[in-house]
Amino acid sequence: MMPTSDHPLLDIRDLYLDIQVFEGTLHVLNGVNLRLARGQVMGLVGETGCGKTLTGLSVSRLVATPPGRYPRGEIWFDGRNVMTLSEAEMLKLRGRRIAMIFQDPATNLNPVFRISEQMIDVALHIAETSDDGGFLGRRLSARGRRQAARRRAIALLEHVGIEDAAHRIDGYPHEFSGGMRQRVLIAMALLGQPQLLIADEPTTALDVSVQAQILRLLYALVKEYHLSVLLITHNLGVVAQVCDEVAVMYAGNVVECGSAHRVFKSPAHPYTRGLLRSIPTPQTRRGELMGVPGNIPNLIQPPPGCRFEPRCPHAMPICRTAFPSAVALQADHQVACYLYGEGRP
């Protein structure tokens, strides 16, 4: 897809991912191209099973290999191809320069350990994998490092809106509400002062009012820390609120990419149009809500060309031959569809 800057922080190039399962080989990612500029928020949207989460996990090399396998592709982060780095080098990136927030905070906080123990352990790990000791430095004793890590954790908990953090930090996860647990995970992600934050459905497990609070918090943190954020979601309303750019993903391919304003105002790909039509409005009457007909294809035997072709109302014979190249409709808008390329009738 089209570059969003001359030197993007994250640049995924022609990434393929296969996963071996009992029934055969799942061709999960099918040549993903994605660029994220520094200080930019990009929404990665699409139906469940389109490969959004696995794209995010691939950036941190958290997909187990085997059963996963990357036939080809590159992931450049801050000028380095992470696909060529050793595990020791990746440990210096994970948590410190690349952080992740996962979908359900209840399953990503250990229920048998206090919040303080979990945050201090993360802080100490980040310090140990930093060449200069990170924010803890190298001169403190073991006890002094734990005390400094605790102070840092309390400060971040306060910063993300947890009241009486000095007391609450010694609580267990079950003593926090869902929204508070998500705030804990956000504070934990900020411990390493990352450049890139990958947020995988960070509001899905929360009710609507708490979702809004978390989104406002994320937006404020992006501006304060100049973070780049890859926001993985199927909620287009969330993307419209907080994202600068949006990439629409279908069955392992990015089919449309551009500024959020441009894509929402003038959606080009038939799949993007279908997603937007499926959003209810105050004017939608009972029985009038539209969806995208059909289902995501079997990724063990995916369609040979454009993977959306079996569901596309505008499918042409050329759509069955190969996946279309991306076409620039505007300086900030690209689409991969034969309706706009050399296959246009």
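Reader: Which elements each supply at least two residues of the lining of the largest pocket?

Author: Strand E7 (98–101), helix H4 (115–128) and H7 each do so. The model here is a predicted one. The largest share of that lining, 4 residues, comes from E7.

Reader: What is the volume of the largest pocket, and which residues are closest to its centre?

Author: The volume is about 440 Å³. Of the 17 lining residues, the closest to the centre are Gly-95, Met-100, Phe-102, Val-122 and Met-188.

Reader: Why does Gly-95 count as polar, and Met-100 as nonpolar?

Author: Gly is placed among the polar residues, while Met, Phe and Val are on the nonpolar list; therefore Gly-95 is polar, and Met-100, Phe-102, Val-122 and Met-188 are nonpolar. The whole lining of this pocket divides into 12 nonpolar, 4 polar and 1 charged.

Reader: Happy with that! Now the helices: why are H5 and H7 called oblique?

Author: The axes of H5 (residues 142–159) and H7 (residues 178–190) cross at roughly 130 degrees and come within 9 Å. Roughly perpendicular covers 65 to 115 degrees, and roughly antiparallel needs over 145, so a value between these ranges falls in the rest, which is oblique. H5 and H7 are therefore oblique to each other. Their crossing is right-handed.

Reader: Which residues make the contact?

Author: H5 brings Arg-152, Leu-156 and Leu-157, and H7 brings Val-184, Ala-187 and Leu-190. By class that gives 5 nonpolar, no polar and 1 charged residues. Arg counts as charged, so Arg-152 is the charged one.

Reader: How do you know the class of Tyr-219 in the lining of the second largest cavity?

Author: Tyr is on the nonpolar list, so Tyr-219 is nonpolar. Val-41, Leu-215, Leu-218, Val-222, Val-229, Leu-231 and Val-242 also line this cavity, and Val and Leu are on that list too. The lining therefore has 8 nonpolar, no polar and no charged residues. H8 (208–225) and E9 (228–232) each supply at least two of these residues, with the largest share, 4 residues, coming from H8. About 70 Å³ of space lies inside.

Reader: How many cavities of 30 Å³ or more does the structure hold, and what lies nearest the centre of the largest?

Author: There are 3, and the largest has about 90 Å³ of space. Among its 13 lining residues, His-269, Cys-306, Cys-312, Cys-319 and Cys-337 lie nearest its centre. Cys counts as nonpolar, whereas His is on neither the nonpolar nor the charged list, so His-269 is polar. The lining as a whole has 10 nonpolar, 2 polar and 1 charged residues.

Definitions and conventions:
Residues are numbered from 1 along each chain as its sequence is written. This is a predicted model: local features need pLDDT of at least 70, side-chain atom pairs count only at pLDDT 80 or more; totals for chains, interfaces and linings use all residues. Side-chain values use heavy atoms; hydrogens and water are left out. Axes are lines fitted to C-alpha atoms, for helices over the stretch in contact, and angles run from 0 to 180 degrees between N-to-C directions. Angles under 35 degrees count as roughly parallel, over 145 as roughly antiparallel, 65 to 115 as roughly perpendicular and the rest as oblique. A crossing is left-handed if the near helix is turned anticlockwise from the far one by less than a right angle, and right-handed if clockwise. Contact means heavy atoms within 4.5 Å. On a 1 Å grid over the protein atoms alone, a cavity is a set of points where a 1.4 Å probe fits but cannot get out, and a pocket is an open set with protein on both sides within 12 Å along at least five of seven lines; lining residues have an atom within 4 Å of a point. Grid points are joined across faces, edges and corners, and a volume is the space filled by probe spheres set on the points.
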